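Thanks for coming. I have one protein to go through today, and I will start from the outside and work inwards. Please have the sequence and the structure up.

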Amino acid sequence: MTIPGQATDADTDTDTDTDTDTAGVLHGLEDNRPSVRLRAAMAAGTAPDPRFVGKLVERCAIEPEFFVRDMLTWALTRHPVPMTLPALLREVRSERAQARSQALHTLSKIGDRQAWPAITRTLLTDADDEVARTAWRAAVVLVPEGGEPALATVLATQLGRGDRETRLSLSRALVALGEVIVPVLRSATMAPDPGVRTHALATQRLLRDPDAGFEFAIEEAKRVVVLGGPGQEER
């Protein structure tokens, strides 16, 4: 006879199997083989468990393979926000650039605006280009209604920064904010730095014509700047 509340052999077996599965996933996330880590991350997202969260976040900070990192992020999005948010918010303050970047990426995928206060000016102007790019993307997703103009002002301070990929990321983030970026771009077209003026003009073009293409917009903007016409397109 089974006493109410008393664990049966079947219950014990099930618990043992679950513990074994969990241990297998946690062990797999640390395996030397990327394919094993990928499968373990997929398993963690397929059958979410609070015990996975810490290890998933930890692996995000050090995982060298892009596809595995992406699966780690997916697995974290499958867990309840109250379980993941505190750990991710700690990570955006990490000294490790990859930890900051991947945490920001995951927060953008979760999309919970409780994370917005963590998207600080420090992150939006981070010295590491990958962190900054990820912060820009996350900010556009998480910015609360009415916060777009202030965000645009901060993002505009980064115009002219970095390589093509970095500039394209910034332009996309600004354009995603919509018409609120018009005043800050107009001001930037008058900047002393020709790189800033060029980037601002190219972003203006993309705002008006998203199909123009970044390369075309940049080349057009360069011609305007060379001809001595910062802000000409606004006249």
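First, the surface. The protein exposes about 12,200 Å², and carbon and sulfur atoms supply 54% of that area. Keep in mind that this is a predicted model.

Now the fold. There are 13 helices and zero strands, so to speak of the order of elements is brief: from the N terminus on, every entry in the run is α. Of the 235 residues in the protein, 46% are buried. Take the contacts between residues at least 6 apart in sequence: 64% of them join residues at least 24 apart.

On to the interior. In soluble globular proteins, nonpolar side chains tend to be buried together. Here the largest nonpolar core has 54 residues. Those touching the most other members are Leu-56, Leu-107, Leu-124, Leu-155, Leu-159 and Ile-181. Helix H8, residues 129-142, gives the largest share of this core, with seven residues. Another core lies apart from it and has eleven residues, including Ala-212, Phe-214, Ala-217 and Ala-221.

Let me pick out one residue from the largest core, Leu-155. What is Leu-155 in contact with, once neighbours within four places in sequence are left aside? The list is Leu-124, Trp-136, Leu-170, Ala-173, Leu-174 and Leu-177.

Next, the pockets. The largest pocket holds about 220 Å³ of space. Its lining consists of 13 residues, and nearest the centre are Phe-66, Arg-69, Ser-101, Gln-102 and Glu-130. Three elements give two or more residues to this lining: helix H4 (66-77), helix H6 (97-110) and H8. H6 gives the largest share, five residues. By residue type, the lining divides into three nonpolar, five polar and five charged. H8, then, appears both in the lining of this pocket and in the largest core.

Last, a glycine. Gly-195 is found in helix H12, which covers residues 194-208. Is Gly-195 buried or exposed? Its relative accessible area is 18%, and the cut-off for buried is under 20%, so Gly-195 counts as buried. Which residues does Gly-195 touch, not counting those up to four places away in sequence? They are Gly-160 and Arg-167. Arg-161 is 34 residues from Gly-195 along the chain, and the C-alpha atoms of the two are separated by 8.1 Å.

That is the end of the tour.

Key:
Residues are numbered from 1 along each chain as its sequence is written. This is a predicted model: local features need pLDDT of at least 70, side-chain atom pairs count only at pLDDT 80 or more; totals for chains, interfaces and linings use all residues. Side-chain values use heavy atoms; hydrogens and water are left out. A nonpolar core is a set of buried Ala, Val, Leu, Ile, Met, Phe, Trp, Tyr and Cys residues joined through side-chain atoms within 4.5 Å. Buried means under 20% relative accessible area, exposed over 50%, partly exposed in between (1.4 Å probe, protein chains only). Helices (H or I, at least four residues) and strands (E, at least two) are DSSP runs, numbered from the N terminus. Contact means heavy atoms within 4.5 Å. On a 1 Å grid over the protein atoms alone, a cavity is a set of points where a 1.4 Å probe fits but cannot get out, and a pocket is an open set with protein on both sides within 12 Å along at least five of seven lines; lining residues have an atom within 4 Å of a point. Grid points are joined across faces, edges and corners, and a volume is the space filled by probe spheres set on the points. Ala, Val, Leu, Ile, Met, Phe, Trp, Tyr, Cys and Pro count as nonpolar, Asp, Glu, Lys and Arg as charged, and the others, Gly among them, as polar. Accessible areas come from the Shrake-Rupley method with a 1.4 Å probe; for residues, only the protein chains shown count as cover.
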